[in-house]
Amino acid sequence: MAIRPVSGSAFTQARYKIKPELFRDLQAFLTDAYITSEKKHWKGHLLYAGDGSTLNLPSSQDIEGYFGLYATTQLGVRRYLARTLIVYDVLNNFVLDGRISTMGNGEKALLQESLAKLNTNDILILDRGFGNYCTIKELTDQNIKFCVRLSIKNSNFAKKTIADQKDDFVTTWEPSAKEVENSRKNQLDPSTLTVRVTKVRLNTGETELLVTNLYDHRKYSSQDIDELYQLRWGVEEGFKNMKPKMKIEQFGCKKSAGILQEFHAHIFCMNMISLAGLLANKLIQSKTSNRKWEYKYNWKNAFRYVREKLLAFLFSKRVTKILDQLIEQISSSMIAIIPDRNFARDTTASTKKGRITQFNK
């Protein structure tokens, strides 16, 4: 059957007949497969990191009406941003939940909407942006295991514990008057919390202050808590995959519905890669068992392979054959995992006043 070309206008009109919820429904199928798949664990736990970011949006009246105007530059250029958050399995590279919203909603509010996705045996890892009494209280009330870094400058509790001579201890967190006020605004009972505090000395001389509810010192040593928090870096890699590698901010639309479509489509594609990659890594391990280094699949090439086969995978009746071909392709492109590699994070661009760039989280 001959393929009839269509105009750009016809394609655009047709795409907006597809509701963004379709991609969330497709994602649900992948989540079901993920839940039943064989996954990596840490001491019997799945590890999730939650983190937020922003997306640069194209300029249009529809975008402004939905997401609002973020800023106007000195040259009069109108800038639009969306707030995003993902809850990411850092050992298995799977996005458990992805959310996009206006800048009026903070990361903490989006995280609260995602907590229902977690099970009581999972561990949630969060950075300093979430290190406050209300977040810890919310996690405690929902019986979620956590490891959260606190900012030493912005919390009286953090200042008190950093002054303590002990490096790893269980203590109580009495909410301050401001924390009580914030708790009531968030409909939380401002009661005393019991937390474990672990101090980690960094190579820079800085002390990292971590709070958890993993109270068993025999099962979780202070070194384990340090290792656990370092694994949070996986969510940064998730954003790197979504932004510079997949180039999500190069939107092919100027409507809010299209932004929602493309965001959830990217999450779906990322998780397709992750599930195929889990199987590809098993093939890679068998191929490289006698080599010095451990190997894994090349994510950027895997993205290319999935993108090429995505439509055939969704609409073909030969799904199993296509999946086998895809796994074989992904396993054929691998890179070595070099232990103890460490790169300083370049934050110079993100600290420039007024600078908004798609290559910074």
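Helices and strands are DSSP runs, numbered from the N terminus. The exercises below concern a predicted model.

**Exercise 1. Describe the surroundings of Phe-146 in strand S6.**

Solution.
Step 1. Phe-146 belongs to strand S6.
Step 2. Buried means under 20% relative accessible area. With a relative accessible area of 0%, Phe-146 is therefore buried.
Step 3. Setting aside neighbours within four places in sequence, the contacts of Phe-146 include Ile-123, Leu-124, Leu-139 and Thr-140. Val-195, Val-211, Thr-212, Asn-213 and Leu-214 are also among them.
Step 4. Ile-136 is another contact of Phe-146. The two residues are separated by 10 residues in sequence, and their C-alpha atoms by 8.3 Å in space.

**Exercise 2. Determine which acidic residues form salt bridges with Arg-149, and which parts of the chain are linked.**

Solution.
Step 1. The side chain of Arg-149 meets that of Glu-206 in a salt bridge, with an N to O distance of 3.0 Å. Glu-206 lies in the loop between strand S8 (193-201) and strand S9 (207-212), and Arg-149 in strand S6 (residues 145-150), so this pair ties together parts that are 57 residues apart in sequence.
Step 2. Arg-149 also forms a salt bridge with Glu-208, where the closest N and O atoms are 3.4 Å apart. Here the link runs between strand S9, which holds Glu-208, and strand S6, which holds Arg-149, over a separation of 59 residues.
Step 3. Arg-149 has 9% relative accessibility and therefore counts as buried. Glu-208 is buried as well, whereas Glu-206, at 35%, counts as partly exposed.

**Exercise 3. Characterise the salt bridge between Arg-201 and Asp-167.**

Solution.
Step 1. The side chains of Arg-201 and Asp-167 come together with an N to O distance of 3.3 Å.
Step 2. Arg-201 is in strand S8, while Asp-167 is in the loop between helix H6 (156-163) and strand S7 (168-173); the pair therefore connects parts that are 34 residues apart in sequence.
Step 3. Arg-201 counts as exposed at 52% relative accessibility, and Asp-167 is partly exposed at 36%.
Step 4. Elsewhere, salt bridges that share partners unite Arg-24, Asp-97, Arg-99 and Glu-113 in one network. The structure holds 20 salt bridges.

**Exercise 4. Work out how helices H2 and H10 are oriented, and which residues make their contact.**

Solution.
Step 1. Helix H2 (residues 21-36) packs with helix H10 (residues 256-287) at an angle of about 20°, and their axes are 9 Å apart.
Step 2. Angles under 35 degrees count as roughly parallel. H2 and H10 are therefore roughly parallel to each other, and their crossing is left-handed.
Step 3. From H2, the contact is made by Phe-23, Arg-24, Leu-26, Gln-27, Leu-30, Ala-33 and Tyr-34. H10 contributes Gln-261, His-264, Ala-265, Ile-267, Phe-268, Asn-271, Met-272 and Leu-275.
Step 4. Sorted by class, this contact of H2 with H10 has 10 nonpolar, 4 polar and 1 charged residues.

**Exercise 5. Locate Asn-93 and Gln-187, and state the exposure of each.**

Solution.
Step 1. Asn-93 is not a glycine, yet it has a positive phi of about 55°. Its place is in the loop between strand S3 (78-89) and strand S4 (94-101). Asn-93 is partly exposed, its relative accessible area being 30%.
Step 2. Gln-187, likewise not a glycine, has a positive phi of about 55°. Gln-187 is found in the loop between helix H7 (177-185) and S8. A relative accessible area of 75% makes Gln-187 exposed.

Key
Residues are numbered from 1 along each chain as its sequence is written. This is a predicted model: local features need pLDDT of at least 70, side-chain atom pairs count only at pLDDT 80 or more; totals for chains, interfaces and linings use all residues. Side-chain values use heavy atoms; hydrogens and water are left out. Axes are lines fitted to C-alpha atoms, for helices over the stretch in contact, and angles run from 0 to 180 degrees between N-to-C directions. Helices (H or I, at least four residues) and strands (E, at least two) are DSSP runs, numbered from the N terminus. Angles under 35 degrees count as roughly parallel, over 145 as roughly antiparallel, 65 to 115 as roughly perpendicular and the rest as oblique. A crossing is left-handed if the near helix is turned anticlockwise from the far one by less than a right angle, and right-handed if clockwise. Contact means heavy atoms within 4.5 Å. Ala, Val, Leu, Ile, Met, Phe, Trp, Tyr, Cys and Pro count as nonpolar, Asp, Glu, Lys and Arg as charged, and the others, Gly among them, as polar. A salt bridge is a side-chain nitrogen of Lys or Arg within 4 Å of a carboxyl oxygen of Asp or Glu. Buried means under 20% relative accessible area, exposed over 50%, partly exposed in between (1.4 Å probe, protein chains only).
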